[in-house]
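Me: I have a chain to look at and would like the reasoning behind the terms used for it. Please set each value against its definition.

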Amino acid sequence: FHIPGRTINGLKAARQKLLHESTRYSRMFVWARNYFNTYAGAHVKKHIPQLRLHFDMLGLVPEEEFYYSSSSYVLRLIKLFVLKVIESKNVSGSDSISVVSQRMRELLQNKYPGGLPVVCVIPCLYNEKQFFVDESLREQYRNKYHFMDEQKVIVYSGMLQEWQKPDLIFSFIKKVQAQDNRNEFGYLILTYDQEKAHLLVKKYGLKNVIIESASGEVLNGLYNAADIGLAFRSDDPVSYVSSPVKIPEYLATGNSLVTLEYIGDYGRELKDKNYVLVKHDPAELLGTRLIELRQLQKPSQKDLVESREKYSSHTNMGVIRNIIRGGNE
(Lines give C-alpha, C1' and ligand atoms only; values in the text may rest on other atoms or scores of the structure.)
Protein backbone atom coordinates (compact mmCIF):
# COMPACT_ATOMS: atom_id res chain seq x y z
CA PHE A 1 0.00 0.00 0.00
CA HIS A 2 1.02 3.60 -0.58
CA ILE A 3 2.35 5.77 2.24
CA PRO A 4 1.39 9.39 1.42
CA GLY A 5 4.36 11.69 1.99
CA ARG A 6 7.50 11.32 4.10
CA THR A 7 6.09 12.79 7.29
CA ILE A 8 5.61 11.77 10.93
CA ASN A 9 1.86 11.58 10.28
CA GLY A 10 2.47 9.35 7.28
CA LEU A 11 4.65 7.11 9.43
CA LYS A 12 1.95 6.86 12.11
CA ALA A 13 -0.76 6.16 9.55
CA ALA A 14 1.32 3.42 7.93
CA ARG A 15 2.01 1.80 11.29
CA GLN A 16 -1.69 1.82 12.22
CA LYS A 17 -2.73 0.40 8.87
CA LEU A 18 -0.15 -2.39 8.98
CA LEU A 19 -1.11 -3.26 12.56
CA HIS A 20 -4.75 -3.43 11.46
CA GLU A 21 -3.83 -5.60 8.45
CA SER A 22 -1.89 -7.96 10.69
CA THR A 23 -5.11 -9.14 12.35
CA ARG A 24 -6.17 -10.74 9.04
CA TYR A 25 -3.15 -13.03 8.66
CA SER A 26 -1.47 -15.82 10.58
CA ARG A 27 1.87 -14.90 8.94
CA MET A 28 3.10 -11.63 7.47
CA PHE A 29 5.88 -10.80 5.06
CA VAL A 30 6.42 -7.09 4.37
CA TRP A 31 8.47 -6.12 1.32
CA ALA A 32 9.36 -2.46 1.91
CA ARG A 33 10.86 -0.49 -0.94
CA ASN A 34 13.47 2.10 0.05
CA TYR A 35 14.26 3.88 3.30
CA PHE A 36 11.09 5.55 4.59
CA ASN A 37 8.85 2.58 3.85
CA THR A 38 11.24 0.18 5.57
CA TYR A 39 11.41 2.53 8.56
CA ALA A 40 7.61 2.27 8.82
CA GLY A 41 7.87 -1.52 8.60
CA ALA A 42 10.54 -1.61 11.33
CA HIS A 43 8.19 0.29 13.67
CA VAL A 44 5.45 -2.29 13.05
CA LYS A 45 7.86 -5.18 13.60
CA LYS A 46 8.43 -3.95 17.16
CA HIS A 47 4.75 -4.74 17.82
CA ILE A 48 4.66 -7.93 15.73
CA PRO A 49 8.02 -9.69 16.23
CA GLN A 50 7.00 -12.64 14.02
CA LEU A 51 6.56 -10.33 11.03
CA ARG A 52 9.29 -10.81 8.42
CA LEU A 53 10.55 -7.51 7.04
CA HIS A 54 12.47 -7.15 3.78
CA PHE A 55 14.45 -3.95 3.05
CA ASP A 56 14.51 -3.38 -0.73
CA MET A 57 17.50 -1.01 -0.70
CA LEU A 58 17.46 0.57 -4.15
CA GLY A 59 20.40 2.91 -3.58
CA LEU A 60 22.38 4.97 -1.10
CA VAL A 61 19.69 7.51 -0.26
CA PRO A 62 21.79 9.48 2.30
CA GLU A 63 24.55 9.96 -0.28
CA GLU A 64 22.02 10.72 -3.02
CA GLU A 65 20.62 13.57 -0.92
CA PHE A 66 24.11 14.87 -0.17
CA TYR A 67 25.53 14.71 -3.71
CA TYR A 68 22.46 15.38 -5.84
CA SER A 69 20.10 17.58 -3.82
CA SER A 70 19.85 21.28 -4.65
CA SER A 71 19.47 22.19 -0.94
CA SER A 72 22.05 24.23 0.94
CA TYR A 73 25.20 22.49 2.13
CA VAL A 74 24.13 22.62 5.79
CA LEU A 75 20.71 21.13 5.04
CA ARG A 76 22.31 18.41 2.92
CA LEU A 77 24.61 17.52 5.84
CA ILE A 78 21.63 17.29 8.20
CA LYS A 79 19.73 15.06 5.76
CA LEU A 80 22.83 12.90 5.32
CA PHE A 81 23.07 12.34 9.09
CA VAL A 82 19.34 11.68 9.60
CA LEU A 83 19.12 9.26 6.69
CA LYS A 84 22.20 7.36 7.87
CA VAL A 85 20.51 6.89 11.25
CA ILE A 86 17.37 5.61 9.49
CA GLU A 87 19.49 3.30 7.34
CA SER A 88 21.14 1.81 10.41
CA LYS A 89 17.77 1.16 12.08
CA ASN A 90 16.40 -0.36 8.88
CA VAL A 91 19.37 -2.71 8.53
CA SER A 92 19.19 -3.87 12.16
CA GLY A 93 15.39 -4.23 12.02
CA SER A 94 15.14 -6.20 8.78
CA ASP A 95 15.21 -9.95 8.25
CA SER A 96 16.58 -9.68 4.71
CA ILE A 97 17.92 -7.01 2.37
CA SER A 98 18.13 -6.74 -1.41
CA VAL A 99 20.61 -4.40 -3.09
CA VAL A 100 21.13 -3.52 -6.75
CA SER A 101 24.81 -4.45 -7.11
CA GLN A 102 27.54 -6.67 -5.72
CA ARG A 103 29.50 -3.51 -4.97
CA MET A 104 26.62 -2.34 -2.78
CA ARG A 105 26.58 -5.63 -0.91
CA GLU A 106 30.34 -5.34 -0.32
CA LEU A 107 29.89 -1.78 0.93
CA LEU A 108 27.23 -2.90 3.44
CA GLN A 109 29.42 -5.76 4.63
CA ASN A 110 32.25 -3.29 5.32
CA LYS A 111 29.89 -0.72 6.81
CA TYR A 112 28.21 -3.14 9.25
CA PRO A 113 30.96 -5.60 10.25
CA GLY A 114 28.95 -6.67 13.31
CA GLY A 115 26.69 -8.73 11.09
CA LEU A 116 23.94 -8.36 8.53
CA PRO A 117 20.77 -10.23 7.70
CA VAL A 118 20.67 -12.12 4.39
CA VAL A 119 21.73 -9.72 1.61
CA CYS A 120 20.99 -10.63 -2.01
CA VAL A 121 21.70 -8.77 -5.25
CA ILE A 122 18.81 -7.90 -7.58
CA PRO A 123 19.93 -5.41 -10.24
CA CYS A 124 17.46 -2.93 -11.70
CA LEU A 125 15.54 -5.14 -14.09
CA TYR A 126 14.21 -4.53 -17.57
CA ASN A 127 10.88 -5.85 -18.85
CA GLU A 128 11.67 -8.46 -21.51
CA LYS A 129 8.13 -8.10 -22.90
CA GLN A 130 8.84 -4.44 -23.66
CA PHE A 131 12.49 -4.51 -24.77
CA PHE A 132 13.63 -7.09 -27.32
CA VAL A 133 15.31 -7.36 -30.72
CA ASP A 134 12.92 -6.77 -33.61
CA GLU A 135 14.35 -6.45 -37.12
CA SER A 136 11.10 -5.11 -38.58
CA LEU A 137 11.07 -2.30 -36.00
CA ARG A 138 14.71 -1.60 -36.78
CA GLU A 139 13.96 -1.19 -40.47
CA GLN A 140 10.83 0.89 -39.80
CA TYR A 141 12.51 3.42 -37.52
CA ARG A 142 15.77 3.65 -39.43
CA ASN A 143 13.75 4.47 -42.54
CA LYS A 144 11.69 7.01 -40.62
CA TYR A 145 14.79 8.93 -39.50
CA HIS A 146 16.72 8.37 -42.75
CA PHE A 147 19.63 6.48 -41.24
CA MET A 148 21.73 4.86 -43.96
CA ASP A 149 22.12 1.08 -43.92
CA GLU A 150 25.86 1.26 -43.29
CA GLN A 151 25.60 3.87 -40.50
CA LYS A 152 26.02 2.94 -36.86
CA VAL A 153 23.62 4.95 -34.71
CA ILE A 154 24.79 6.14 -31.29
CA VAL A 155 21.93 6.54 -28.81
CA TYR A 156 21.58 8.14 -25.38
CA SER A 157 18.33 7.53 -23.49
CA GLY A 158 17.38 9.26 -20.25
CA MET A 159 17.03 12.59 -18.52
CA LEU A 160 19.77 15.21 -18.53
CA GLN A 161 20.30 15.77 -14.82
CA GLU A 162 23.72 16.88 -13.63
CA TRP A 163 24.63 13.43 -12.28
CA GLN A 164 23.83 11.92 -15.69
CA LYS A 165 26.69 14.00 -17.13
CA PRO A 166 24.91 15.73 -20.04
CA ASP A 167 27.99 17.78 -20.92
CA LEU A 168 30.02 14.59 -21.10
CA ILE A 169 27.42 13.00 -23.40
CA PHE A 170 27.46 15.90 -25.85
CA SER A 171 31.24 16.36 -25.57
CA PHE A 172 31.65 12.69 -26.49
CA ILE A 173 29.41 13.12 -29.53
CA LYS A 174 31.41 16.20 -30.54
CA LYS A 175 34.67 14.21 -30.34
CA VAL A 176 33.18 11.45 -32.48
CA GLN A 177 31.83 13.90 -35.06
CA ALA A 178 35.24 15.58 -35.30
CA GLN A 179 36.70 12.23 -36.45
CA ASP A 180 33.72 11.10 -38.54
CA ASN A 181 34.68 12.47 -41.95
CA ARG A 182 32.75 9.79 -43.84
CA ASN A 183 29.44 10.17 -41.97
CA GLU A 184 29.72 6.66 -40.54
CA PHE A 185 27.67 7.44 -37.44
CA GLY A 186 24.18 8.74 -36.69
CA TYR A 187 23.15 10.31 -33.37
CA LEU A 188 19.93 9.86 -31.41
CA ILE A 189 19.05 11.50 -28.07
CA LEU A 190 15.93 10.11 -26.35
CA THR A 191 14.92 12.41 -23.50
CA TYR A 192 12.05 14.37 -22.00
CA ASP A 193 14.52 17.23 -21.34
CA GLN A 194 13.92 18.43 -24.90
CA GLU A 195 14.79 22.09 -24.39
CA LYS A 196 18.01 21.28 -22.56
CA ALA A 197 19.03 18.80 -25.26
CA HIS A 198 18.55 21.39 -28.02
CA LEU A 199 20.58 23.94 -26.05
CA LEU A 200 23.42 21.43 -25.62
CA VAL A 201 23.42 20.60 -29.33
CA LYS A 202 23.78 24.31 -30.03
CA LYS A 203 26.41 24.79 -27.30
CA TYR A 204 28.66 22.07 -28.75
CA GLY A 205 27.98 22.92 -32.38
CA LEU A 206 26.73 19.44 -33.22
CA LYS A 207 25.10 18.47 -36.49
CA ASN A 208 22.52 15.86 -37.49
CA VAL A 209 21.53 14.94 -33.94
CA ILE A 210 17.96 13.64 -33.70
CA ILE A 211 16.23 14.52 -30.42
CA GLU A 212 13.08 12.61 -29.51
CA SER A 213 11.05 11.50 -26.49
CA ALA A 214 9.46 8.09 -26.44
CA SER A 215 8.01 5.31 -24.32
CA GLY A 216 6.51 1.85 -24.80
CA GLU A 217 6.70 0.29 -28.26
CA VAL A 218 8.12 3.48 -29.80
CA LEU A 219 11.04 3.43 -27.36
CA ASN A 220 11.71 -0.22 -28.20
CA GLY A 221 11.62 0.68 -31.90
CA LEU A 222 14.09 3.52 -31.47
CA TYR A 223 16.41 1.31 -29.41
CA ASN A 224 16.26 -1.27 -32.21
CA ALA A 225 17.12 1.42 -34.77
CA ALA A 226 20.32 2.20 -32.85
CA ASP A 227 23.63 0.33 -32.59
CA ILE A 228 25.63 1.78 -29.68
CA GLY A 229 24.16 2.92 -26.33
CA LEU A 230 25.81 5.48 -24.03
CA ALA A 231 25.65 5.18 -20.23
CA PHE A 232 27.60 7.77 -18.23
CA ARG A 233 27.26 8.97 -14.63
CA SER A 234 29.10 11.19 -12.18
CA ASP A 235 32.06 9.68 -10.34
CA ASP A 236 30.74 9.38 -6.77
CA PRO A 237 29.72 6.71 -4.22
CA VAL A 238 26.13 6.67 -5.52
CA SER A 239 27.22 5.76 -9.06
CA TYR A 240 29.71 3.23 -7.72
CA VAL A 241 26.91 1.02 -6.31
CA SER A 242 24.22 1.88 -8.88
CA SER A 243 22.41 -0.24 -11.47
CA PRO A 244 21.12 1.96 -14.34
CA VAL A 245 18.30 0.07 -16.06
CA LYS A 246 19.10 1.70 -19.41
CA ILE A 247 22.18 -0.57 -19.72
CA PRO A 248 20.27 -3.87 -19.87
CA GLU A 249 17.62 -2.15 -22.02
CA TYR A 250 20.31 -1.23 -24.55
CA LEU A 251 21.68 -4.77 -24.53
CA ALA A 252 18.24 -6.41 -24.76
CA THR A 253 17.55 -4.47 -27.97
CA GLY A 254 20.80 -5.54 -29.61
CA ASN A 255 22.93 -2.49 -28.90
CA SER A 256 26.61 -2.36 -28.08
CA LEU A 257 27.56 -0.24 -25.06
CA VAL A 258 29.98 2.54 -24.18
CA THR A 259 30.22 3.12 -20.44
CA LEU A 260 32.49 4.00 -17.49
CA GLU A 261 34.00 1.35 -15.26
CA TYR A 262 32.85 2.90 -11.97
CA ILE A 263 29.12 2.52 -12.75
CA GLY A 264 27.87 -0.30 -10.52
CA ASP A 265 28.87 -3.84 -11.44
CA TYR A 266 28.61 -3.29 -15.19
CA GLY A 267 32.15 -1.99 -15.66
CA ARG A 268 33.78 -5.08 -14.22
CA GLU A 269 31.17 -7.60 -15.41
CA LEU A 270 31.17 -6.47 -19.04
CA LYS A 271 34.70 -5.16 -19.59
CA ASP A 272 35.86 -8.23 -21.53
CA LYS A 273 32.82 -8.41 -23.83
CA ASN A 274 33.41 -7.60 -27.50
CA TYR A 275 30.17 -5.58 -27.58
CA VAL A 276 31.14 -3.27 -24.69
CA LEU A 277 33.69 -0.44 -24.51
CA VAL A 278 34.55 0.37 -20.87
CA LYS A 279 36.54 3.52 -20.16
CA HIS A 280 38.31 4.30 -16.89
CA ASP A 281 37.17 7.92 -16.52
CA PRO A 282 35.75 10.85 -18.53
CA ALA A 283 39.18 11.92 -19.76
CA GLU A 284 39.85 8.48 -21.24
CA LEU A 285 36.32 8.38 -22.63
CA LEU A 286 36.83 11.62 -24.54
CA GLY A 287 39.96 10.09 -26.05
CA THR A 288 37.92 7.34 -27.70
CA ARG A 289 39.04 6.72 -31.27
CA LEU A 290 36.70 6.00 -34.14
CA ILE A 291 38.29 2.61 -34.71
CA GLU A 292 37.23 1.52 -31.21
CA LEU A 293 33.60 2.26 -32.05
CA ARG A 294 33.90 0.53 -35.42
CA GLN A 295 35.21 -2.61 -33.73
CA LEU A 296 32.28 -2.93 -31.32
CA GLN A 297 30.23 -6.03 -32.09
CA LYS A 298 26.49 -6.49 -31.73
CA PRO A 299 25.48 -8.78 -28.83
CA SER A 300 25.17 -12.33 -30.16
CA GLN A 301 22.16 -14.55 -29.49
CA LYS A 302 24.14 -16.13 -26.66
CA ASP A 303 24.88 -12.67 -25.24
CA LEU A 304 21.18 -11.75 -25.42
CA VAL A 305 20.20 -14.89 -23.51
CA GLU A 306 22.88 -14.19 -20.90
CA SER A 307 21.63 -10.61 -20.41
CA ARG A 308 18.02 -11.79 -20.15
CA GLU A 309 18.91 -14.37 -17.51
CA LYS A 310 20.82 -11.82 -15.45
CA TYR A 311 18.90 -8.58 -15.88
CA SER A 312 15.27 -9.34 -16.83
CA SER A 313 12.32 -9.15 -14.45
CA HIS A 314 11.02 -12.58 -15.50
CA THR A 315 14.12 -14.61 -14.73
CA ASN A 316 14.76 -12.78 -11.43
CA MET A 317 11.33 -13.69 -10.06
CA GLY A 318 12.93 -16.89 -8.75
CA VAL A 319 15.29 -14.82 -6.57
CA ILE A 320 12.36 -12.79 -5.25
CA ARG A 321 10.31 -15.91 -4.46
CA ASN A 322 13.29 -17.36 -2.61
CA ILE A 323 13.52 -14.24 -0.41
CA ILE A 324 9.82 -14.48 0.44
CA ARG A 325 10.20 -18.17 1.32
CA GLY A 326 13.09 -17.27 3.62
CA GLY A 327 15.88 -18.79 1.55
CA ASN A 328 19.52 -17.85 2.11
CA GLU A 329 20.68 -17.63 -1.53
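**Helix α15 and the chain around it**

Reply: On the side of α15 that points away from its buried face sit the exposed residues Q301, K302 and E309. This is a predicted model, where local features need pLDDT of at least 70, side-chain atom pairs count only at pLDDT 80 or more, and totals for chains, interfaces and linings use all residues. Residues are numbered from 1 along each chain as its sequence is written, and side-chain values use heavy atoms, with hydrogens and water left out.

Me: What makes a residue of α15 buried or exposed?

Reply: Buried means under 20% relative accessible area, exposed over 50%, and partly exposed in between (1.4 Å probe, protein chains only). In α15, residues 301-311, the buried ones are D303, L304, S307 and Y311.

Me: How do you know that they are on the same side of α15?

Reply: They cover an arc of only 100 degrees around the axis, and therefore lie on the same side of α15. The arc is that of the directions from the helix axis to the C-beta atoms.

Me: What covers the buried residues of α15?

Reply: The cover includes α11 (246-252) and α12 (266-270), with contact meaning heavy atoms within 4.5 Å.

Me: Why are these called helices?

Reply: Helices are DSSP runs of H or I with at least four residues, strands are runs of E with at least two, and both are numbered from the N terminus. By that rule the protein chain has 16 helices and ten strands.

Me: How do you know whether the radius of gyration agrees with a compact globule?

Reply: The rule is 2.2 Å times the number of residues to the power 0.38, and the radius is taken over C-alpha atoms. For 329 residues a compact globule would have a value near 20 Å; the protein chain has 22 Å, which agrees. Of these 329 residues, 51% count as buried.
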